[in-house]
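Ready to practise reading a protein model? Work through the exercises below with the viewer open, and try each one before you look at the solution.

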Amino acid sequence: MQQGELMQDNYKRHNEGNVLQNLFGKYLPWWPLFAGLFLLGLAGSWLYIRYAKSLYESSASLLLKDDKKGLDDSNIMESLNFFGSKKIVENEIEVIKSRSIAKEVAKKLRLYAPIRKKGRIKDISAYTFSPVIVEALNVDSIKSSHDEKIYFSVDSIEAGIKVNDRIYCIGDWMETPFGIVRFQPNPYYNVPEKDEEDKDDKPLFYFTISSIKATANALLDGIGVSASSKQSTVINLTYRDEVSKRADNILNEFIAAYNRAAVNDKNVLAANTLAFVEDRLRFVVNDLDSVEQRLERFKTHNRIVDISEQGRQFLQNVSLNDQKVEEMNMQMSVLNQVEEYVLSKNKSGAIVPSTVGVADPVLSKLLDQLYELETQYEKLKATTAENSPLLMSVTEQLRNIRPNILENIKNQKRNLEAGKNNLIGTVNNYSTMLQRLPSTERKLLDISRQQSIKNSIYTFLLQKREETMLSYASAVADSRIIDIGESTDKPVSPRKIIVLAVAMALAMGVGIGFVEIKDLMNRNVLAKTEIERYTQIPIIGEVSLDKSGNPLVIAEGKRSFIAEQFRQLRTSLGYLGINSRRKKILVTSSISGEGKSFICANLGISLALIDKKVVLIELDLRKPKLSQLFNIPRHSGISNYLISEKEAEDIIKSTGTSNLFIIPSGPVPPNPSELILNGRLQELLQYLEKHFDYIIIDTAPVNPVTDAHIISPMCDATLFVIRQGYTPRVHLQRLDEQSRLQGLKNAAIVFNGIKASKFSSYGYGYGYTEDEPANKVKKKIKFEI
C-alpha cells in the first residue's frame, strides 16, 4: 500500500472514533453565545422562581369500609349501625370528587370571595394576612364570576373596613356590583410582627367574587383523590395551593363534608323508617285491640275455659294409634312375603326376604337356618350325586324346617290381627269424641290465630322502632380519618432544580438551533468537521487568514503563527510520500480565489528555507497569479516552452529568495488544455526532476476546466485547497466522486483562510511565535471551526 493511501486509511479511522471531538469542534467556538444564553436562562429561571406562584401540597388519608376489601366492625357496632352499609372504594372516591361536596366546601370556607394583598410587583393571597373575610348574603344567586376588584383597607382608628372612602363595621352588609356582602373576622388571621406593621402600616387588600359553580370546579381540578393500592381501603387526598393553611383547610373540609353527607344519608333513612314504623304501629294497635275484645266476648258467651287443650290431646292419641296401625300393617306385609317365600320354594337357592319390622328372634333364627341349608344343598348338588347320603340328609333337614317357619308365621299373624283390631276400635272411639266437640272450638281457634298474628306484628314493629331510634341517636360515618390535612414545609412548585434544568436545556437547545440554522443557511464550507463529513480525503494542513495584505507570509527568521502553519504543512508532506525521489506536487482548488497560488508561493518558500532547491510552475494558463506574488513578468514562460519557442533553461527565473525559482505562465494561450497534452510538459518535468528537489505546480481549478485532472497523473501528490467561508459546500460534496471518476493522484486537503472570529482564536504552543510578547506568554487553545 502506498504511503498516501495509508495516511488516508489512518485518517479515516481516526475520524470515525472522534465524533464527540467533532461536536465540540462545531459548537465550542460559539461558547460566548452559549454562555450568554445560559446567563439569560439563569436570570429567567431566577425571575420565574422569585415571582411565580409557590404551591404547597397538603395530604390527608381516610379509611373506608369496603364490600370486598373492607374492615368489618365489631358486633356491637354492627348492632348499632342498622342503616350503615359497607363502602366500595371506587364509588366513594367519586362521591368525594362530586360537585355537591365541592360546593359545600366552597361555601363553608367562603372560597368564592378570595382576598389578595396588593404588592409592588405581584399580588399575594391574604388568606392569613387579612384580618377579615368576605361573606355573601345569597351566594347561590351569583351565577357568573366577576373580575372587578373591590379594594379595601383596615382602618384601625375607626375600627372598621374602609371601602371607597366609606367605613363599614364588621358584620354590616354592603351593596356591591355583584351582590350584598359583609366583612367577618378571619379565624385564620395571623397577627403580623411589630416590624412588619411599621414596614407596611396600611396594606391595601382587594377581593373578587366568583360563582359557586366556578369555585367548585376549580377545587375539583386541584384536588387529587386515589386509593393507596388495589387491595387497600385507604383513600389518599392531596391538594396544592399557594397558602399552606388554606390547602389544609380545604382537605379537612372535604373530609368533613363527605362524613356529614354520609351521616345525613343515614339520618334521612332512619327518620323515614321511624315515621313508617310509627304509622304502622297505630294501625296494628287498633287491630289487636279489636281481636282481643272479640275473643273475650266469645269465651264469655260460650263459657269456654280451655277446650283447645282437650282437642289437642284427642288429636295426639288418634295420631299415635294411626302410627301403630301402620306399623302392624308393615309387619303383616313382611310376614306375608316370608310365608310366600317358604311355600313357593322348590329346593333352589335364593335370597331370604328381609324381616325388617318383625321383632321375633325365633323367626329370624329359623330363616337363617333355612338360608344356610339351602346354600349347602346347592353346593352339594353341584359336587355330589343325587343319591349321596350327605345330600339326602340336607334335603331331609330342609323338609323338616319349613313347617316350623310356617307355624311361627301363622302365630305372629294372629297376634298382629288381634292388636290391630284393638287399635282400630280405640281410634274410632276418639273420632267419635272429636266429632262431639262443639263447632265453637273451631271459631275460637280462628280468633286465637288472628290474635297471635297481630301480636307478632306488634312486637316486631316495637323492636324495629327501638332499633331505628337507637341508630338515629348513634349515627356515625362509615369512615375513619387516618391523617388530617397537613402541608409540606417547603413549596412543591416551582421546583428550583427542574426550573434550572429546563432553563439550561432550553438555552442549549436555542444555541444549538441557532448554530444549525446558521449552518443550513450558509452554502459555503465553514468548519473542518464539514470537510471530514463530506469527503474521505485527509486534511494535511490548516492555514489561518492573514490580514496583513502581504501575500508572502513566511521568510527567514519569521516566527508568525501563519509561518509556523506553513512549516507544519511542509512537515506533513512526508505523509504523502514526498521525498527526494517523489518530488512533484500539484496544487489546485475547486474554484478560483481559494488561495492555491498563495499556498504554492509560501509552501515553496518554506521548502527553500531548509536548503531545498524548489521550482514553482505557474501552470494556471487562464488566470495566472503566481508570478505576480514575486513581481516576475510573464513575457516569456511555460506557454512559450509548450509551443517550442523556448527551452527549459530560458524560462526558469529566480524569485529573489535563495533556492526558490519560478517558471511564469508566459502569454495566455487560446488552447491551454491542448498545449498541456502535447507531451512537452512531461519532458519539462523530467528535466526539472534532475535539477530541483521539489516541483510545485500551480494549476487551474478543477471545476471550470480539466487541466488539474490532466496534470495530476504526472505528479506524485495533489494538494486541494479549500477556503473557509468561500468554497461552496456543493463542490466539497462532489469531491470524492470526481476523484474516483477523473482521479486526483495521492490527494490531500489544505484548509485555507481560517478566520479567528470573535467566537474563537487559533494558535498553538506556549508563546513560541512572534505574534505574542515575551512577557505575556500564555497557552492558546486551538479551536477548529
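**Exercise 1: two helices that meet**

Helix 6 (residues 99–109) and helix 8 (residues 212–222) have axes that come within 8 Å and cross at roughly 110°. Work out how the two helices are oriented, and which residues touch.

*Before you start.* This is a predicted model, where local features need pLDDT of at least 70 and side-chain atom pairs count only at pLDDT 80 or more, while totals for chains, interfaces and linings use all residues. Residues are numbered from 1 along each chain as its sequence is written, and side-chain values use heavy atoms, with hydrogens and water left out.

*Step 1.* Get the terms straight. Helices (H or I, at least four residues) and strands (E, at least two) are DSSP runs, numbered from the N terminus. Axes are lines fitted to C-alpha atoms, for helices over the stretch in contact, and angles run from 0 to 180 degrees between N-to-C directions.

*Step 2.* Sort the angle: under 35 degrees is roughly parallel, over 145 roughly antiparallel, 65 to 115 roughly perpendicular, and the rest oblique. So helix 6 is roughly perpendicular to helix 8.

*Step 3.* Find the contact (heavy atoms within 4.5 Å). Helix 6 brings Arg-99, Ala-102, Lys-103, Val-105, Ala-106 and Lys-107, and these meet Ile-212, Lys-213, Thr-215, Ala-216, Asn-217, Leu-219 and Leu-220 of helix 8.

**Exercise 2: another pair**

At what angle do the axes of helix 16 (residues 561–572) and helix 17 (residues 596–608) cross?

*Step 1.* They cross at roughly 75° and come within 9 Å. Helix 16 and helix 17 are therefore roughly perpendicular to each other.

*Step 2.* Look at who touches whom: Ile-562, Phe-566, Arg-567, Leu-569 and Arg-570 on helix 16, with Phe-598, Ile-599, Asn-602, Leu-603, Ser-606 and Leu-607 on helix 17.

**Exercise 3: a serine tucked away**

Is Ser-130 buried or exposed?

*Step 1.* Locate Ser-130: its place is in the loop between strand 3 (124–125) and strand 4 (132–136).

*Step 2.* Use the cut-offs: buried means under 20% relative accessible area, exposed over 50%, partly exposed in between (1.4 Å probe, protein chains only). Ser-130 has 0% relative accessibility, so it counts as buried.

*Step 3.* Check its surroundings. A polar atom of the Ser-130 side chain lies 2.8 Å from the backbone oxygen of Val-132. Leaving aside neighbours within four places in sequence, Ser-130 is in contact with Ile-115, Phe-152, Asn-186, Tyr-189 and Phe-205.

**Exercise 4: positive phi**

Which residue is partly exposed, Ser-644, and what is its relative accessible area?

*Step 1.* Ser-644 sits in the loop between helix 19 (638–642) and helix 20 (648–651). Its relative accessible area is 49%, so Ser-644 is partly exposed.

*Step 2.* Check the backbone: Ser-644 has a positive phi of about 70°, although it isn't a glycine.

*Step 3.* Now try Asn-631, in the loop between helix 18 (626–629) and helix 19. Phi of Asn-631 is near 55°, again a positive value in a residue other than glycine. With 68% relative accessibility, Asn-631 counts as exposed.

**Exercise 5: a cis bond**

What kind of peptide bond joins Ser-493 and Pro-494?

*Step 1.* Go to the loop between strand 13 (479–487) and helix 14 (496–521), where Pro-494 lies.

*Step 2.* Read omega: it is about -5°, and the bond is cis.

Definitions and conventions. Polar contact = N/O pair within 3.5 Å; in protein donor to acceptor, adjacent residues only side chain to side chain.
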